[in-house]
Amino acid sequence: MTLEILKRWNTKEIKGEDGDEKKNELLALHNPGGIKIITPKCIVPINAQCSEDQRSLLLQLKNTLEFDSEYSTKLVQWNHHNKDCCLWEGITCSKAGHVTGLDLSGEFIYGGIDNSSSLFSLRFLQSLNLAYNYFNHTQIPSAFINLTSLTYLNLSYSVFGGQIPIELSQLTRLVTLDLSAFNTYLFPDIPLLKLENPNLNMFVQNLTQLTELYLDGVEMSAQGYDWGQPIASWLPNLRVLSLSNCYLSGPIDSSLLKLQFLSVIRLNDNHLNGALPGKIFHSQTLQILDLSYNAELKGSLPEFPQNGKLTELAYLDLSDNMFTGAMPWLQMSKYLTHIDLSYNNLSGPFSFTQFEGFVNLAYIDLQYNSFTGRIPPSLFGLPSLKQLLLSNNHFDGSLPEIPNASSSMLETLDLEGNKLEGEIPSSFFDLKSLIVLYLSSNNLNGTIQLENFQKLGNLTTLDLSYNNLSIETGGNHSGVYSFPQITTLKLASCKLRNFPDLKNQTELSELDLSDNQIGGEIPNWIWKVGNGRKLPLPPDTAFYVDYSSNYFSSSIPVGIGNNIRFASLFSVANNNLTGTIPISISNASYLNVLDMSNNSLSGPIPLCLIEWSHGALEALNLGTNRLSGNLSGTFQKSCALKSLDLHDNQIEGKVPESISNCTSLEVLNLGNNQINDTFPCFLNNSTNLRILVYIEIQHVSWRH
């Protein structure tokens, strides 16, 4: 599957001071295209009894949709017993009992939706949200044209594919339209959602009421003039323009400057080139500007105005481009929370007052540029700062003391790869919130007791390598034993004479003690420290998990299914894993590929893998293990398997005839097992089957 954090969808609703719902960025993992959650413009619930025809249409809709009842929080509660559908979850009604709002976002819907659906008979709908579901690459139905009262339509991240139908452009009352699709870099196997015929110009010319347009991940392949001019001409009230990863090219068309109300511009992950239009920074309404990952955007950054313009800017990302020149002066933008200018060719020193007064600034990333001079002390004094990334520049001089370090919110400090010198200030050891500290590859000097870092109780990553530091461990019973969760420790070339005591570091996964002066025997405990051979649990937001071809020798964690419930791929192939396949794997209901081959897994194949009913699993490889027992269970009619590989195990019994329900099956490998069965003649009608390995079975008999 390609869904992102569905369960959080229903709990993330953040309102601004003016009552409008703001957009909530999901940045748990790096996604250049940006994943967002938006909520519809509020339709105030009214005490009304729903009409019988509306109730009937909703129940028809429920009965025709395929969804996972285990995770559904709305559809699963709709039933005949509750007569008033206006009280159902996800439903909003008018005074007359007509359904005006329908929110089925994150309902784990899978399969398609066709033009005959009762959804398109809900003619009074003003707001419709089907985001974060799985419509299995089907085309957006043209029957949306029937919902002429819609002002809000959100079909984002629901895995539609193909051409966006022209019928959507006839919904002339739309104020918000979101058709965003998943980033094709992360999900290369998903067919693109396209806006080519009709093109953007044809599509938006009737949507003149739009104030928010999200088409992230929709392929347009348009030059600057071809997308800039239509937007500026037909959408005069536009406040939000989000076109990341749309295959846009050419320079940014200056016609966009005509849009007086723009507050959000996201054009990241495209192929834009040339210089920035200088007046783009003269807006009085601009709050978010993201032009990152356009490798041919270049030239000096324009002068930021000092005359009352750009006062609302809160988020600025110009990373991964080819901009040159000095750091822009941003003093007018006091609401800034996020600045990312990393991976450019910016240069020059900073003014010591350049960052003063930014009380909301939480994230600064200036890595991989050519900035010089001293790091302004004002940077470390920003009260809201959590992430400060200045690595791989040419900063020199000594590190400043951090005022009020014990109350600092700083969590990540990355200064590696500069020309910093002198001792590490004592205030650094008072940064109680610090989680990650990179100081490697500088000219820092002095003697440091490793025990000093024990005061940083949240520290998980420490890198002091390749300086002129002398690190002292204080003997065999000192070191980093009191760090509760240290995962990465790099002390290369730190003049160490003894092994730091790491006995209790069960979470340590990366250790570098190279190029030191350690003598004597290697302690026995060093081979037991850390989790290097233990299969790590991925974050529960992960949607692509590949642990293949390593040396993991543990069992698969019992609850792994809860951590990959949104994953499209999970592979632990080519390791030394033992134990059984956890039943929790059934929670990973959006897997396209599950590969556990070439391990030493034992026990029966879980029934849930045979009776997989989620309709997304296309490849299942459990070959070359020690799995045993019968292939019990029934392959469902919704089976989407294209490849099933169970070869080289100890599987017994017969092949279930229900495997013929897997009508898309192209590869079936059951070789080298202990199956006692006749040739599966019921597969004769499997027109897609290309490879069948049914030999090397110990007790097979062939009958015609």
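Two strands are taken as paired if DSSP finds at least two bridges between them. The model analysed here is predicted. Strand S19, residues 296-300, meets this criterion with strand S21, residues 322-325, through three bridges. The two strands pair in the parallel sense. Within this pairing, glycine 299 has phenylalanine 323 of S21 as its bridge partner.

S21 also pairs with strand S23, which spans residues 345-348. Two bridges hold this second pairing, again in the parallel sense. Here threonine 324 is matched with asparagine 345 in S23. In a regular strand, side chains alternate between the two faces of the sheet.

A further sheet was found later in the chain numbering, at S39 to S45. It is open and consists of four strands in the order S39-S41-S43-S45, with parallel pairing. Its edges are strand S39 (602-604) and strand S45 (674-675), each of which pairs on one side only. Strand S41, residues 626-630, runs parallel to strand S43, residues 650-653, and three bridges join them. Asparagine 630 stands opposite glutamate 652 of S43.

Aromatic contacts were examined next. The structure holds 17 aromatic pairs. One of them joins phenylalanine 120 and phenylalanine 144. Their ring centres lie 5.0 Å apart and their planes meet at 75°. Planes over 60 degrees apart count as edge-to-face, so this pair is edge-to-face. Phenylalanine 120 belongs to the loop between strand S6 (109-110) and strand S7 (127-129). Phenylalanine 144 belongs to the loop between S7 and strand S8 (152-154). The pair therefore ties together parts that are 24 residues apart in sequence. Both phenylalanine 120 and phenylalanine 144 are buried.

Tyrosine 547 and phenylalanine 552 form another edge-to-face pair, at 5.8 Å centre to centre with 65° between the planes. Tyrosine 547 has a relative accessibility of 13% and so counts as buried. Phenylalanine 552 is likewise buried, with a relative accessible area of 10%.

Ring pairs also build a cluster. Its members are Tyr71, Phe108, Tyr134, Phe566 and Tyr590. A charge was located over a ring as well: lysine 334 lies over the face of phenylalanine 358, at 5.0 Å from the ring centre.

Technical notes: Residues numbered from 1 in each chain as written. Predicted model: local features only at pLDDT ≥ 70, side-chain atom pairs only at ≥ 80, totals over all residues. Heavy atoms only, no water. Phe/Tyr/Trp six-rings, centres within 6.5 Å; stacked < 30°, edge-to-face > 60°. Buried < 20%, exposed > 50% of the residue type's maximum accessible area, 1.4 Å probe, protein only. Lys NZ or Arg CZ within 6 Å of the ring centre and 35° of its normal.
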